[in-house]
Structures are given as C-alpha cells and as structure tokens.
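Please examine the sequence and the three-dimensional structure shown below before reading on. The explanation that follows is meant to be read with both in view.

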Amino acid sequence: MNFEFAKGSRSRILAVGLLAITVLFVGRLFYVQIIRHDYYQNLADQEQIKRLTIPAQRGLIYAMDGSTPVPLVMNDSVYTMFADPTTVTDIPGVIKEIDQVVGASNAQPNLDSLMREKNSRYEVLAKNLTTDQAEAIKKKDFAGIGFQQQSQRTYPEGALAAQVLGFVDSSGNGEYGVEGELNTQLKGKDGLLQSVTDVSDVPLTIGKHNISKPAINGTNEVLTIDRNIQSYAEQALAQGLKASANATDGSVLVMDPENGHVLAMANLPSFDPSHYGDASSLADFNNPIISDPYEPGSDVKTLTMATGVDKGVVTPDTTYNNTGSINVDGVNVSNAEGDKEFGDITLQTALNFSLNTGFITVAEKLGDGQNITKQARDTMYDYFYNKFKLGQVTGIQLAGETPGIVISPESVQGNAVRYSNMSFGQGLDVTMIQVASAFNSLINGGNYFKPTILAGTIDSNGNFQPAKQGGSVTSVKATTSATLRTMIHAARQSVASIAAKDKPGYYIGGKTGTSQQVVNGTYSDKLTTATYLGFGGTKETSKYVIMVRVTGPNFSGSGAQDAIPIFTNISNWLLGYLNVPPENS
Amino acid sequence: MSYQPSTMYYTSRRQQNWSRNQNTTRFISSVKLGPVAHTVLIALMITVLGLIYLTQATRATSYDYQSQKIDDQIADLSTQKNDLEVENARVTSLQTVKNSDTAKNMVTPTDVQYAQ
C-alpha cells in the first residue's frame, strides 16, 4: 500500500489532521492522568470507595439468679420506617398496611400528608417497629418505602434495679449506674470497612485501598445483684414506705459480708430505664445508696464501740453513769431518749437503748477518760476514715459515687464537740454503701472488703467468667468483731417485740438509727431519716447484711418504727431463699 | 504452509558427544510475516489477555455478590437469634413467671424441714 503525501494532497491533510488530533488527545490525557492525577484520583475514590462503620454491639448486663447469670439489659433490633415522597406511588396502600401491622402507637398521625410532601426525600412514617412488623411491610414491596435498622436497649425485667443499671442516651453513651461507669467496656469499638463498592453499595474486593477492621463488641458484664433478692427488696421497700407516714424516699442495700458483694440495691422513687425521658425528676436517676451522703445516726454507734473495744479501752460490760447528757467543752450533748436508764449502766445497755452518752463515754475513754482529747479524736479518725473507709469513695463500679466527709481532727472544725456528735453518728456525712461495708467488717471477723457489684463477665462463647476476687484489709481484730457481733445481736434481742418477728433458729442482729434532717443548714427538730443496719444467718456465719433507710421531705419517723419492719420482712425471706437451715432443726 | 529441509551439522560439544542422531535436520519456514501481521497478532494477543483479565475480574466480583448475600443472611439470622434471646428473656422474667398460672396456683409451705 502506498500513500501519497504530496504537498497539498488530501492524504497529507488527513495525516496532519489525525496527528493534530492525536497530539491533542495525548496532551489532554497527559494533563488529566499525570498532572491532575491526584485530583481525579480523589474524585474517583470519593465516588467509588465507601467507608462503612461496622457498629460494635453494646455489651449486655446480667444479674445472678442464684448461681446462674440472667440478662437484665439486652439489645433489641428496631426499625424506623421512612418514605421518599417523590417515589411513593400507593399512599392508601401504605397507610392501610401501617394501620394493620403497626397500629397507631408507633405510627405518625399524619401519614397521608407526610407522603405528599413532594419537596422532601425523607419522611419518617413509624418508629420502633419490631423485626416481624418490618418484615411484614417489606413483603408488600411498596415503592418509595424504606427501613433503617437500629439497636436499642431493652429490659426484660422492666424497671428492676433501674438506678443500678442507668441507661443509654440517644447518642449511645451510658449514663448513671453501671452503664455510665463501665461505658467504655460496654460500648466496645466500632469496626471499619473501606472498600470499592458498586452502585448498590455492595463492597467489591477490587481496589488496593480496601480496609476491613472488624468491630470489637462490648464486654458482657455480670453483676453480683441477685434478681430475686433485688425484686423482693424493691417490693418490701415499696410496702414499707406505704405503711410509714410521709415516707416518700427509701433505700435498701443487701450485701454478702463475706466478700463485699452487693446482692440488692433498691431505691424509691425510681424510674423506668426504657422510658428514662419520662422520669419525674433528674434526681430519680441517682442511686442514693452511693451518691447521697447523709448523717447516718446511731448505726455508727457500732463503729464507735468497735473502736473502743479494739483499742482495749472498753468492753460491753464497762459501766458509766448515765445522767441523760454529757457536757463536752461547754456544750451539753444529750440522749435522744432523754429519760431512759439513768444511773450506772453498761455499754451494752447503752447500745440496746441507743443512748448517745454511752458512746461519748467511749470517745472520752479513747482520750484521758474525761475528755475527747486530740489523741481520742486522732484514734477515732484513724478508725473511721482509714479502717472503716468512711468519708471516701469505695470504688464500687457505679457512676456518681460521692465521698461524703469525715472532718479530720487537724481541722478547726474537728473539735471535741464534733467528735462527740460523730460518736453517735452525727457531724459526718457518709453514704449507705460506706456504712454497710464498714459494718460488714464488724461481723465477719474484722475483714474490710471493698464493695463490688461486678461478679464477672460472659465470654464470646456464652460462658460465665467470674471476676478476680479483691482481697480484704483488717479493720478490727477478730476478737473485736466477735464481741461486736454478740453485742449487736443482743441489741436486737433486747426488744422482745422485734425479736419475736424473726424466724426462730437464726442469729440476727441489728442497730437502729434515727438522725435529724438538716434543713437550711440547721438540724430540724421534727424531720428525720430512719435507718436500720443488721445482719442475719447462723451463730457461726452471717449470710447477709441489710441496711434500710427511710426518709422524705416531711418524714418524722424512727428507725425502730419505719426501718425495722422492712429489714425483718427481707431478712425472714432471705433466710428461706438462701436455704439457711435453722440451728435448732 | 511448507518447509524446506536443510541439512546442517552441529558442532557443539554436546552434540559431538551424541552417539546417535548425528544427522539431525531442521526446517526453516518459507512463510515470512510482515509488520502488519505482527501488529494484528499482538493486538489479538492483547485482546485475548484483556478478555481473560475481564473474565477473572468479573468472576471475583460475582464472588463479592455471593459473599454479600451470605453476609446478609448471617445478619438476618443473627437478628432473629437476638430477637429470640430477647423473647426468651422476657418470657422467663420474674414478672412473667410471677403472673403465670403455675405461680398463681402455688401455695406457701406450712412446714419446712431441712435435711441434715
């Protein structure tokens, strides 16, 4: 084949034309592919490569049922049904289907107008649909209707232990309780899938920038809470408050004194974690057992007595002359029960009748025998703060724990008058969990266990992995503990009408507390907080410690009247539930 | 296509050592391919290789769709399993058990004996 490239020939013109076009193409390609390479690469990547977050499943929360973990908090799949009004064709059909399948409760009231919003591409028609409901509607294959799957917390046991659990807010973060404190562990870590996708967002294996990082699901936590004890405690507390005049607020704490495990934490008023937005007050989210320091009252007399016995300055049989009051640095401090048991009485009697003077006497004996000296105050502070861990956070795995305060003798306010008040439970702010944990050590041989609410975890195979047990520190000598246990038992038995209500054959003890409420910075003469702190089990071993608190803005009851019935109710039930055989059987 | 036989003697040491086939012959093609034929052949080879690549790439993509389908099935089954677990927890919850007919028909024991 011979081409004629004579000057001016058509072949030459064609060749020159083609060459020019080729140069143009090559030049343009060079510009696009070489010079603007990064720019167009980015554009292409944005279009083709999708970064999809693989959501981590939030860890479940279990309680115990005896020795078996049972779920308290789970994740449920729910669906939001939406419409693209520009593509919806069968509006009456969609409305009819929603009416039949979903009902009015979860559907929007104005479905027809929503689907006629032609300026919008997204209108929510119904929320919180179950999988079955979503599947039923999907089968109809309506044009312009879609579903978004979401995960939300669900509570098979309803509002049980609500303040222990807390809740998960709309942004997926845990608030209050275990959800708040263990949010990081429960939340897990979202995974990432970066891949070239097709038009339907199906990830394709082609492409060199693909990343597949699986999600790490949150840890499944098992609590020490026993759901049966928790349920009974909540029920008993509700009954107790109902029976007490003006008692609106109450708490019950049940612990295993042998290891510091919390078996139940009940509070009223409470809230429903699945509808936390309906709570009547933000205060309902708080767990008063750990976050509401108060003046515990006479429960603390057991700790003062333990301090005196442990230091060897008093015994249960030590006597003093009860005149109804004691002058401390010019301030007359008197018994609440003013006219009882005058004369020479033992400290056991003082405990039985909850006489303040008896425990001011113990405080004095820690000093020079006549005054609450600096040495006495130092000793009391050492026991209260360092050994019994009052006035400091216990470290229990719940959000919102507050330390309270025990005034140091080094402070100006840590004078003899304050320490005389502290000897019978006023002048210090502590939480129920602090007092109950200290009390555990009085009746278990002198071992202080840090309170815990975590029993372990459930691994990915569904097996329960118990948590490593924390150790204990010695608060008082074993002999001191034995002495106090006997004294506290005797204190309960000294009131026949109370002892008669206990199940026969068991070793049960306890101490009442009735403290004045502080209103506008001063002690109220009428308003009180009633408590009862006791244990139960056999003579050899205490199986449980129960602490009850009853109060309210207009409450003026007492520990004996209002807290003991709740304790007795739970105690008698617990002995059966824990299968504790009576000693005379 | 025909070949012209031509006889030649190899002088390599290896062949010198051969005891047999010393009169080996080779054939030289009389067909000569020109530049256009070469270009066409190369273009054909590139086309075939391209088709092979496309076939393989498409096959890999079809696996992606199968994989996605299986992933969707796993997700559906996982959702169903989760729903069943939630349902199981609900029907075995304390409140449900307390309200069951069996529980309502239970009576409080009047006398309890403990095995020693």
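The paragraphs below treat the second chain, its contact with the first, and then selected parts of the first chain.

The model is a predicted one. Chain B is a convenient place to begin. Its secondary structure consists of 4 helices and 2 strands, and from the N terminus on these elements follow the order β-α-β-α-α-α. Of the 116 residues in chain B, 7% count as buried. One of its helices, H2 of chain B, covers residues 35-91 and contains Glu85(B). With a relative accessibility of 33%, Glu85(B) counts as partly exposed, because the buried class ends at 20% and the exposed class begins over 50%. The C-alpha atoms of Glu85(B) and Val48(B) are separated by 55 Å, and the two residues are 37 apart along the chain.

Chain B also touches chain A. In this interface, 19 residues of chain B are in contact with 27 residues of chain A. The size of an interface is often given as the accessible area lost when the parts come together. Between chain B and chain A the buried area is about 1900 Å², and carbon and sulfur atoms give 51% of that area. Which three residues supply more than any other three of the area that chain B buries against chain A? They are Asp64(B), Leu94(B) and Tyr114(B), which supply 32% of that area.

Within chain A, a pair of helices deserves attention. Helix H11 of chain A comprises residues 301-310, and helix H14 of chain A comprises residues 374-387; they pack at an angle of about 115 degrees, with 10 Å between their axes. The crossing of H11(A) past H14(A) is right-handed. On the side of H11(A), the residues that meet the other helix are Leu303(A), Thr304(A), Thr307(A) and Asp310(A), while H14(A) contributes Thr379(A), Tyr383(A) and Phe384(A). By character, the residues of this contact comprise 3 nonpolar, 3 polar and 1 charged.

Is H11(A) mostly covered or mostly uncovered? The helix is mostly covered, for 10 of its 10 residues are buried. The buried residues include Lys301(A) and Asp310(A) as well as Leu303(A), Met305(A) and Val309(A). After H11(A) comes Gly312(A), which has a positive phi near 80 degrees.

Two threonines show the packing of these helices in detail. Thr307(A) belongs to helix H11 of chain A. Its relative accessibility is 1%, so Thr307(A) counts as buried, the limit being 20%. Apart from neighbours within four places in sequence, Thr307(A) is in contact with Leu366(A), Thr379(A), Tyr383(A), Phe384(A) and Phe388(A). Thr307(A) and Leu366(A) are 59 residues apart along the chain, yet their C-alpha atoms are separated by 8.6 Å. The second threonine, Thr379(A), is located in helix H14 of chain A. Thr379(A) counts as buried because its relative accessibility is 13%, which is under 20%. With neighbours within four places in sequence again left aside, Thr379(A) is in contact with Thr307(A), Lys311(A) and Leu366(A).

Another helix of chain A allows a simple check of length. Helix H17 of chain A has 16 residues, 478-493, and at 1.5 Å a residue these should span 22 Å; the C-alpha atoms at its ends are 23 Å apart, which agrees. Among the buried residues of H17(A) are Leu484(A), Met487(A) and Ile488(A), and also Arg485(A), His489(A) and Arg492(A).

The last topic is the backbone in the loops of chain A. Most residues other than glycine have a negative phi, and most peptide bonds are trans. Asn246(A), which is not a glycine, has a positive phi of about 60 degrees. Asn246(A) occupies the loop between helix H9 (227-243) and strand E12 (249-256) of chain A, and with a relative accessible area of 46% this residue is partly exposed. Asp329(A), also not a glycine, has a positive phi of about 50 degrees. This residue lies in the loop between strands E15 (325-328) and E16 (331-334) of chain A. Asp329(A) counts as exposed because its relative accessibility, 58%, is over 50%. Finally, the peptide bond from Leu268(A) to Pro269(A) is cis, with omega near 0 degrees. Pro269(A) is found in the loop between strand E13 (261-268) and helix H10 (288-291) of chain A.

Technical notes
Residues are numbered from 1 along each chain as its sequence is written. Chains are lettered from A and ligands numbered from 1 in the order in which they are written. This is a predicted model: local features need pLDDT of at least 70, side-chain atom pairs count only at pLDDT 80 or more; totals for chains, interfaces and linings use all residues. Side-chain values use heavy atoms; hydrogens and water are left out. Axes are lines fitted to C-alpha atoms, for helices over the stretch in contact, and angles run from 0 to 180 degrees between N-to-C directions. A crossing is left-handed if the near helix is turned anticlockwise from the far one by less than a right angle, and right-handed if clockwise. Contact means heavy atoms within 4.5 Å. Ala, Val, Leu, Ile, Met, Phe, Trp, Tyr, Cys and Pro count as nonpolar, Asp, Glu, Lys and Arg as charged, and the others, Gly among them, as polar. The expected span of a helix is 1.5 Å times one less than its number of residues. Buried means under 20% relative accessible area, exposed over 50%, partly exposed in between (1.4 Å probe, protein chains only). Buried area is the accessible area (1.4 Å probe) that two parts lose on being put together, summed over both.
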